[in-house]
Amino acid sequence: MTGHLERASPVSSSPAAAEPPPSEPSPGFATPATVSSDPGGAPPPEPEDAPLPRSKRMRRSRTSVVVLAVLLAVAVAIGGLGFVWVATQLQEARTQISDQQRQISDQQRRLDEQQEMIDRKEQFGAAMGDLYATVDPLVGLPYSTIVPWYRVEDLADRAWIHRRNPAALDQDVADLTRLTSEISARSAGVADQAASNASGTVWETTLDRLGRGWVSTVVDESAPCGTTALACVSSTAPFTVHVQADSQTDPTVTDWIRTGAAYHEYAHVLQLTNPQPTADALAAFGGDVETMADCYALTFLDGWSLAHEVAIDEFSYYEVDVGYGYTCDAGQRQVIRDWVDRLGVTRQVVGG
Ligand SMILES: [Zn+2]
C-alpha cells in the first residue's frame, strides 16, 4: 500500500484528479484509469499475471478442447490397437497352449503305446521262458518231435513282425503258451502210458530199457499189425508198440527173437520221432524203413542175426527168419550209428 500512495502523490496537483473516481473499486488501479484519458501517453505494459481477455480465453479453451479431443481420439485409437494386440497375443498364446497340449497328449499316447509294447514283449519273453523251462528236462531224449522247434521259430518270427501290434502280440503270447502246454501234456501223457504198462513180457522189458520209459508196449489180440508181423508201430501213436498176442505162445518165437524184434520196433519209434535225420539216413537203405530197422537191431544188439534155429527137441529145430531178409553191411551200420548220434531233443535258441 505504500507504493500506491507514493505513485498517487504527483497526480494530486490536478484538482480534477484529486479524488479517485467513485466507480473504481480499488485504489490500486486508480492511476492507470486516469492516465488512459491522456491520448498522448503510451499505454502502460500489462502485468504478466493480469487476467486474459475473454475472447482470448475462449480461443485457448477451444484449442484445448480440440487438443483434448485429438488426444482422446489418439488414446482411444491406441487403446483399440492395444486391445487388438492383446487379443491377438491371447489368441496366439491359446493356440500355442493348445499345440503344446496336443504335443503332450501325443507324447503321452506314444509313451503309453511304447509301454504297452514293452509289456507285451515282456509277456512274450516270459512265455518263452516257460517254454524253455518245459523243454530243458527233455533235452537229450532221442525223440525230436517232442519239441517242434519249427513252431517255436515261427512264433518268434511272428512276434518280431508284430512288435508294434499289441493285439497280434497278445495272440502270439497265447499261441506260445498253448504250445508249451501241448509239450508238457504230451510228455506227461507218454510218461503215464509208459508207467501204466505192466505186460511182464520181454518185449516190454526191452522197450522200457531202450525207450527210457517213453515207449509203451501193448499186447494186442486183434492183430493190428496184420497176419505176419510180430509187432508194429503206428505213425499216429509213435510211442506205442503193438505186439501180436500170439507171439507170446508161438513155439517158433523165443525170448531172444522177441528181444531182437523189440529192437526193430524201437527203430521205428526213432524213425517216426526224428523225421529229418531219418530221411537223410534212409538214402543208405534205398528208402526202405524195414531194412533200416533191421540194421538198427543188427548194429546195437550183439549176436543178433536175421536167421534163427529154434529147437523143437534134441533132434529137430525150426528155421526161423526174422525181419526182411537183408543183413546190412558195415557201411550201413555206420550210417545207423551216425543217425542215432543226430537224434533227439536239442535246446535251440530262437529269435536270436
Ligand atoms: Zn518193422
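# Helices at an angle

Reader: Why are H7 and H9 oblique to each other?
Author: Helices (H or I, at least four residues) and strands (E, at least two) are DSSP runs, numbered from the N terminus. An axis is a line fitted to C-alpha atoms, for helices over the stretch in contact, and angles run from 0 to 180 degrees between N-to-C directions. Angles under 35 degrees are called roughly parallel, over 145 roughly antiparallel, 65 to 115 roughly perpendicular, and the rest oblique. H7 and H9 belong to that last class, since their axes, which come within 8 Å, cross at roughly 120°.

Reader: Hang on, what kind of model is this?
Author: Residues are numbered from 1 along each chain, in the order its sequence is written. Local features need pLDDT of at least 70, side-chain atom pairs count only at pLDDT 80 or more, and totals for chains, interfaces and linings use all residues, this being a predicted model.

Reader: How many helices and strands does the protein chain have, then?
Author: The chain runs to 352 residues. Its secondary structure comes to 10 helices and five strands.

Reader: What share of the residues in the protein chain is buried?
Author: "Buried" here is a neighbour count: 20 or more other C-beta atoms within 10 Å of a residue's own, while 12 or fewer is exposed and in between is partly exposed, with C-beta atoms placed from the backbone. For the whole chain, the buried share is 22%.

Reader: How many residues of H7 are buried?
Author: H7 covers residues 255-273, and at 1.5 Å a residue (times one less than its number of residues) it should span 27 Å, in agreement with the 27 Å between its end C-alpha atoms. The helix is mostly covered: of its 19 residues, the buried ones number 14.

Reader: And why is H9 called largely enclosed by the rest of the structure?
Author: H9 takes in residues 289-300, with its end C-alpha atoms 17 Å apart against an expected 16 Å, which agrees. Its buried residues include Met292, Asp294 and Leu298. H9 counts as largely enclosed because, of its 12 residues, the buried ones number nine.

Reader: Which helices do the buried residues of H9 pack against?
Author: Contact means that the C-beta atoms of two residues, placed from the backbone, lie within 7 Å. By that test the buried part of H9 packs against H7, helix H8 (275-281) and helix H10 (330-342).

Reader: What is the handedness of the crossing of H7 and H9?
Author: On the H7 side, the residues include Tyr263, His264 and Ala267, and among those they meet in H9 are Met292, Ala293 and Tyr296. By class, that contact has eight nonpolar, four polar and one charged residues; Ala, Val, Leu, Ile, Met, Phe, Trp, Tyr, Cys and Pro count as nonpolar, Asp, Glu, Lys and Arg as charged, and the others, Gly among them, as polar. A crossing is left-handed if the near helix is turned anticlockwise from the far one by less than a right angle, and right-handed if clockwise. For H7 and H9, the crossing is right-handed.

Reader: How are H9 and H10 placed, and what is the word for it?
Author: The axes of H9 and H10 come within 9 Å and cross at roughly 90°. H9 brings Cys295, Tyr296, Leu298 and Thr299 to the contact, and H10 brings Gln332, Arg333, Ile336 and Arg337. These residues divide into four nonpolar, two polar and two charged. From the angle, H9 and H10 are therefore roughly perpendicular.

Reader: At roughly what angle do the axes of H6 and H7 cross?
Author: H6 passes H7 in a right-handed crossing. Trp203, Leu207 and Leu210 are among the H6 residues in the contact, and Arg258, Ala262 and Tyr266 are among those of H7. By class, this contact has seven nonpolar, three polar and two charged residues. The axes come within 9 Å and cross at roughly 40°.

Reader: In the loop between H6 and S1, is Arg212 buried or exposed?
Author: Arg212 sits in that loop, and its phi is near 55°, a positive value in a residue other than glycine. It has 12 C-beta neighbours inside 10 Å, so Arg212 counts as exposed.

Reader: And Val215, buried or exposed?
Author: Val215 also belongs to the loop between helix H6 (202-211) and strand S1 (216-220). Its C-alpha is 4.8 Å from that of Phe239, 24 residues apart in sequence. With 27 other C-beta atoms within 10 Å, Val215 is buried.
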